[in-house]
Amino acid sequence: MPVSDPIADMFTRIRNATKVQSPIVEMPASKTKVQIAKLLQSEGFISSLETKDLGSPEQKMRLVLKYGIKGEQVIQGIKRVSRPGLRVYRSAKRVPKVYGGLGVAILSTSSGLMTDKEARKQKVGGEILGFVW
């Protein structure tokens, strides 16, 4: 069954997996989802990511989630901001900070997907896809 908002589906799968402390999350892959997963990996929210059969109809992506020493979640929350019914755009000067810089905003800019820190550094704005903290 096709999903109307694949990024929200990805965030929901990650949120549900962290709530039950599942170490692995599998989902259908796309170029945008792979880029978001790479950003999450570079920011230290997930351990690793594997892709299978990219470019084919059966393309899959597997994320290995991170947990603390005592089993506490590294991803405390993940939220979709811009959605198909209400797009949210911000200029370079108005890119939000998530929890005072402890979290990350993921933006889709003219230079590709990047975090809020990178967007401020490069002085570009764009569509805010979501927040992770």
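At 41% relative accessibility, Arg87 counts as partly exposed, because that class covers values between the buried limit of under 20% and the exposed limit of over 50%. Arg87 belongs to a salt bridge with Glu127, one of the pairs described below. The model is predicted. The chain contains three helices and eight strands, and 38% of its 133 residues are buried.

**Overall build**

- Read from the N terminus, the order of elements is α-β-α-β-β-β-β-β-β-α-β.
- The chain has a radius of gyration of 15 Å, close to the 14 Å given by the globule rule for 133 residues, so the chain is as compact as a globular protein of that length.
- Along the principal axes, the C-alpha atoms fill a box of roughly 40 × 35 × 25 Å.
- Of the contacts in the chain with a separation of 6 or more, 62% are between residues 24 or more positions apart.
- The chain exposes about 7700 Å², with carbon and sulfur atoms supplying 52% of that area.

**Salt bridge Glu127–Arg87**

- The side chains of Glu127 and Arg87 form a salt bridge with an N to O distance of 3.0 Å.
- This pair links distant parts of the chain, 40 residues apart: Glu127 is in strand S8 (residues 126-132), and Arg87 is in the loop between strand S4 (78-80) and strand S5 (89-90).
- Glu127 has a relative accessible area of 12% and is therefore buried, whereas its partner Arg87 is partly exposed.

**Other salt bridges**

- The count of salt bridges comes to seven.
- Another of them joins Glu26 and Arg62, whose closest N and O atoms are 2.3 Å apart.
- Glu26 sits in strand S1 (residues 24-28) and Arg62 in strand S3 (residues 60-65), so the bridge ties together parts that are 36 residues apart in sequence.
- Both ends of this bridge are partly exposed, Glu26 at 43% relative accessibility and Arg62 at 31%.
- A further bridge is made by the side chains of Glu43 and Lys117, at 3.6 Å from N to O.
- Here too distant parts of the chain are linked, 74 residues apart: Glu43 is in the loop between helix H2 (31-42) and strand S2 (46-52), and Lys117 is in helix H3 (residues 116-122).
- Glu43, at 30% relative accessibility, counts as partly exposed, and Lys117, at 39%, counts as partly exposed as well.

**Helix H1**

- Helix H1 (residues 6-19) has 14 residues, which should span 20 Å at 1.5 Å a residue, and the 20 Å between its end C-alpha atoms agrees with this.
- The buried residues in H1 are Ile7, Asp9, Met10, Phe11, Ile14, Ala17 and Thr18.
- These buried residues of H1 pack against S1, H2, S3, S4 and S8.
- Gln21, just after H1, takes a positive phi of about 55°.

**Helix H2**

- H2 has twelve residues and reaches 17 Å from its first C-alpha to its last, close to the 16 Å expected at 1.5 Å a residue.
- Lys33, Val34, Ile36, Ala37, Leu39 and Leu40 are buried in H2.
- Gly44, just after H2, has a positive phi of about 90°.
- H2 is also among the elements that the buried residues of H1 pack against.

**Aromatic pair**

- One aromatic pair is found in the structure.
- The rings are those of Tyr99 and Trp133, with centres 5.3 Å apart and planes at 55°, so the pair is tilted.
- Tyr99 lies in the loop between S5 and strand S6 (104-109) and Trp133 in the segment after S8, so the pair ties together parts that are 34 residues apart in sequence.
- Tyr99 is exposed, with a relative accessible area of 55%, whereas Trp133 is partly exposed at 25%.
- The angle of 55° counts as tilted because stacked planes are under 30 degrees apart and edge-to-face planes over 60.

Key
Residues numbered from 1 in each chain as written. Predicted model: local features only at pLDDT ≥ 70, side-chain atom pairs only at ≥ 80, totals over all residues. Heavy atoms only, no water. Salt bridge = Lys/Arg side-chain N within 4 Å of Asp/Glu carboxyl O. Helix = DSSP H or I, 4+ residues; strand = E, 2+ residues; numbered from the N terminus. Buried < 20%, exposed > 50% of the residue type's maximum accessible area, 1.4 Å probe, protein only. Expected span 1.5 Å × (residues − 1). Contact = heavy atoms within 4.5 Å. Phe/Tyr/Trp six-rings, centres within 6.5 Å; stacked < 30°, edge-to-face > 60°. Rg over C-alpha atoms; globule rule 2.2 N^0.38 Å. Areas by Shrake-Rupley, 256 points an atom, 1.4 Å probe, with all protein chains shown as cover.
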